[in-house]
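Trainee: Please walk me through some features of a model. I would like to learn how to read pockets, cavities, helices and single residues.

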Amino acid sequence: MTGRHDTVPRLAAGLLAGAALTGLARQAMRHRRVVRGQGDEVLFETGRHNVLAYRFTEAATSVPAGAPVLVFETGMVSTAEHWCWVQRSLGRDHPTLTYSRAGYGRSEFRGDEPFTLRSAALDLEDLVRHVCGQRPVVLVGHSLGGYLAMLSAESMRDLVRGLVLVDPSHPGELLRSPAQAKGAKQITFNLTSMPQSTRLGLGELLATPPWVDLLPGDLQGLCLDQYRDRKMWTAAQREWRATQKEFLDYPGSLPKIGVPVRLVAADRTHVTDKTASELHREIVAAAPVGDMRVIERATHDELLLRASLASQVADEIREFMRGLDEGHRSAEGAS
């Protein structure tokens, strides 16, 4: 006797349902690992009711009283762990503060008001004032985090002694750079489906991105979990919408930068986007004192994620800090 014709479709539907349930179960387990984080983060609620997970470490060696705290600000689709190579290199000789913005990793977005880049900068200011008190700080920002660092420096003039901007975003880039405008379309397309797909348990299907293998072994599992978790993509979508709106409405003036700046650029950024070099020079020129260093054979993300390149970034920050210290001591001597 010939079998029923609907047997195969029903079997296929059952297999798909089973796969979906398995995906959701794994998603739940993965999400629990993400919100557990490294386990030693401290949680802080900002004035906008967002909860930020942070790690603060004093220098392992003796440092002068009043030595600035290095505060690290991540790019979009990034967590505090992306600073690991740089932070581990600098943490011996400098106090450091790393954190994940609201919605990423252990941090939670709970704000009642619409998200803006300015609100993210205010979250950072709340965190810095809570953790550092009156201690001076140097803000170190990568990509979008570089622009957020500029915004924060404007509102924390009493604390910020300097800025290190690592391949930073410029608020005019979507209007002036054809390469960035083209890339924006791809980002918008990707972020249209990722939050919902990962919420449905399909994060398991995302291939391991090559950059995960560049990280220290003790962080690779956590960072892969973060990449496949819905929180990262929901936060990225929220930030990208705000970034597009604010950058496309760019009035033509950068945030007021009243402190020395070092801009560390990836050479591949300048090679693939000629406008990027011009935009980076504008940022440096907006500071009272500034310079730009270009790291060879480096891409935008590998500046932080590849150990050998991150070591060069750390060296640039270390040299910048020495210059600030010498300038500070000279100013004290003259007073």
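Mentor: Start with the lining of the largest pocket in this predicted model. By class, that lining holds 18 nonpolar, 18 polar and five charged residues.

Trainee: How many residues line the largest pocket, and which lie nearest its centre?

Mentor: The lining counts 41 residues. Nearest the centre of the pocket are M76, S143, I187, H300 and D301. The volume of this largest pocket is about 1200 Å³.

Trainee: Which elements give two or more residues to that lining?

Mentor: Helices 5 (173-176), 6, 8 (230-248), 9 (267-272), 10 (274-285) and 11 (302-305) do. Helix 6 gives the largest share, eight residues.

Trainee: Then let us turn to helix 6. How many residues does helix 6 have, and how far does it reach?

Mentor: Helix 6 covers residues 178-199, 22 residues in total. From first C-alpha to last, helix 6 reaches 33 Å. At 1.5 Å a residue, 32 Å is expected, and the helix comes close to that.

Trainee: Where does helix 6 bend?

Mentor: At S193, by about 25°. A proline, P195, follows within four residues.

Trainee: Which residues of helix 6 are buried?

Mentor: First the general idea. An α-helix has 3.6 residues a turn, so residues three or four places apart point the same way. Now the case here. The buried residues of helix 6 are A184, L191, M194, P195 and T198.

Trainee: What follows helix 6?

Mentor: G201 follows helix 6. The phi of G201 is positive, near 95°.

Trainee: Now the enclosed spaces. How many cavities of 30 Å³ or more does the structure hold?

Mentor: The general idea comes first again. Rolling a probe the size of a water molecule over the atoms shows where empty space is left. In this structure there are two cavities of 30 Å³ or more. The largest cavity holds about 70 Å³ of space. Its lining has 13 residues, and E41, A53, A80, E81 and S100 are the closest to its centre. Strand 2 (51-57) and strand 4 (96-100) are the elements that give two or more residues to this lining. By class, the lining of the largest cavity has four nonpolar, five polar and four charged residues.

Trainee: Which residues line the second largest cavity?

Mentor: L52, Y99, R101, A102, F115, A120, D123 and E239 line the second largest cavity. About 50 Å³ of space lies inside it. Its lining divides into five nonpolar, no polar and three charged residues.

Trainee: On to single residues. Is L139 buried or exposed?

Mentor: Buried means under 20% relative accessible area. L139 has 1% relative accessibility, so L139 counts as buried. L139 lies in strand 5 (residues 137-142).

Trainee: Which residues does L139 touch, leaving out those up to four places away in sequence?

Mentor: L139 touches V71, A149, S152, A153, M156, V160, G162, L163 and V164. Take A149. L139 and A149 are ten residues apart in sequence. In space, their C-alpha atoms are 6.0 Å apart.

Trainee: And H31: buried or exposed?

Mentor: H31 has 18% relative accessibility, so H31 also counts as buried. H31 is found in helix 1 (residues 7-36). Leaving out residues up to four places away in sequence, H31 touches D229, R230 and K231.

Notes. Residues are numbered from 1 along each chain as its sequence is written. This is a predicted model: local features need pLDDT of at least 70, side-chain atom pairs count only at pLDDT 80 or more; totals for chains, interfaces and linings use all residues. Side-chain values use heavy atoms; hydrogens and water are left out. Buried means under 20% relative accessible area, exposed over 50%, partly exposed in between (1.4 Å probe, protein chains only). Contact means heavy atoms within 4.5 Å. The expected span of a helix is 1.5 Å times one less than its number of residues. The bend at a residue is the angle between axes fitted to the seven residues ending there and the seven starting there. On a 1 Å grid over the protein atoms alone, a cavity is a set of points where a 1.4 Å probe fits but cannot get out, and a pocket is an open set with protein on both sides within 12 Å along at least five of seven lines; lining residues have an atom within 4 Å of a point. Grid points are joined across faces, edges and corners, and a volume is the space filled by probe spheres set on the points. Ala, Val, Leu, Ile, Met, Phe, Trp, Tyr, Cys and Pro count as nonpolar, Asp, Glu, Lys and Arg as charged, and the others, Gly among them, as polar.
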